[in-house]
Amino acid sequence: MAKIKVDMTNVEDRVVVPEGDYICKVGKVDLHRNEENGKQSLKWTFLIGAGEHKGSKMFNYTSLSPKALFSLRNSIIACGFDVPKSVMSIDTDKFIGKIVGITVVHEEYKGKPSAKVADVWKAAKGPKGWGRADQIAAQKVTDEVAEEEEEEVVDATEDEEIDTTMADDVDEIDV
């Protein structure tokens, strides 16, 4: 029988992060080679930034296979970068520290529940905290329109007509 001494001080507990949306910081992005098929991907390490699971790590792999580059494209856009419709060089160090959102789902892996990153999305900070950038932008527009309508009602006198119609042209809305 072997007797060994092992330091377990910094060993993390296995935690299955609940399903849902999380705001994260990109901690690391490494080039990864799949041992089974030899294909390359980028391994993303996301650090959950708030709530009960703050500090928990989630991992996501974006394949470098031409048919799967949509996932890499979505992750780069979520980090706040433009992706041209051409060949591009990628410096993964530029993604470190960026704030993104992830959607976590559960699936079974080797007979045990496992948390998986199903989506990576652009995050933004709004008046009610962090969330999906597209939803915060839409809420901002809705709030601005509501404020403008309130001002029109408050400033109107009995003799003035109030125009409560909204323009159909979305280009007039500044987001």
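A polar contact is a pair of N or O atoms within 3.5 Å; within protein, one must be able to donate a hydrogen and the other to accept it, and residues adjacent in sequence count only if both atoms are side-chain atoms.

This is a predicted model, where local features need pLDDT of at least 70 and side-chain atom pairs 80 or more, while totals for chains, interfaces and linings use all residues. Numbering starts from 1 along each chain, and side-chain values use heavy atoms, without hydrogens or water.

Q: What makes the pair T103 and W121 a polar contact?
A: The side chains of T103 and W121 are joined at 3.0 Å, which is within the 3.5 Å limit, so the label fits. T103 has another such partner: its side chain and that of D21 make a polar contact of 2.7 Å.

Q: Why is T103 called buried?
A: Its relative accessibility is 15%, and buried means under 20% (exposed is over 50%, partly exposed in between, with a 1.4 Å probe and protein chains only), so T103 qualifies. T103 sits in strand β4, residues 99-109; strands are DSSP runs of E with at least two residues, helices H or I runs with at least four.

Q: Which residues are in contact with T103, beyond its neighbours within four places in sequence?
A: Contact means heavy atoms within 4.5 Å, and T103 has G20, D21, K116, V117, A118, D119, W121 and R132 on its list. As for Y22, its C-alpha is 6.4 Å from that of T103, though 81 residues separate the two in sequence.

Q: How do you know that β1 and β2 pair?
A: Strand β1 (residues 20-33) shares 9 bridges with β2, running antiparallel; pairing takes at least two bridges found by DSSP, so this is a pair. K28, for one, faces T45 in β2. The two strands make a hairpin with 6 residues between them, and G38 in that turn has a positive phi of about 75°.

Q: What makes β2 a partner of β3?
A: Strand β2 (residues 40-48) is joined to β3 by 7 bridges, again antiparallel. F46 stands across from M58 in β3, and K43 has Y61 there as its bridge partner.

Q: Why are β3 and β6 called edge strands?
A: The open sheet holds 6 strands, ordered β3-β2-β1-β4-β5-β6 with antiparallel pairing. β3 (57-63) and β6 (129-132) each pair on one side only. On average, neighbouring strands are turned by 45° against each other, direction ignored.

Q: What does helix α1 touch as it packs on the sheet?
A: Helix α1 (residues 69-78) touches β2, β3, β4 and β5 (112-126).

Q: How do you know that the buried residues of α1 lie on one side of the helix?
A: The buried ones are L72, S75, I76 and A78. Their arc around the axis is only 160°, which puts them on the same side of α1; the arc is taken from directions between the helix axis and the C-beta atoms. Their cover includes β2, β3, β4 and β5. After α1 comes G80, with a positive phi near 95°.

Q: Why does H53 count as buried?
A: H53 has a relative accessible area of 13%, and that makes it buried. H53 belongs to the loop between β2 and β3. Beyond four places in sequence, H53 is in contact with V15, P18, Y22 and I48.

Q: Where does pLDDT stay under 50?
A: Over residues 153-175, where the model has 13 contacts beyond four places in sequence. pLDDT is the predictor's confidence in each residue, from 0 to 100. The protein averages 84, and 82% of the residues score at least 70.

Technical notes: Axes fitted to C-alpha atoms, helices over the stretch in contact; angles between N-to-C directions.
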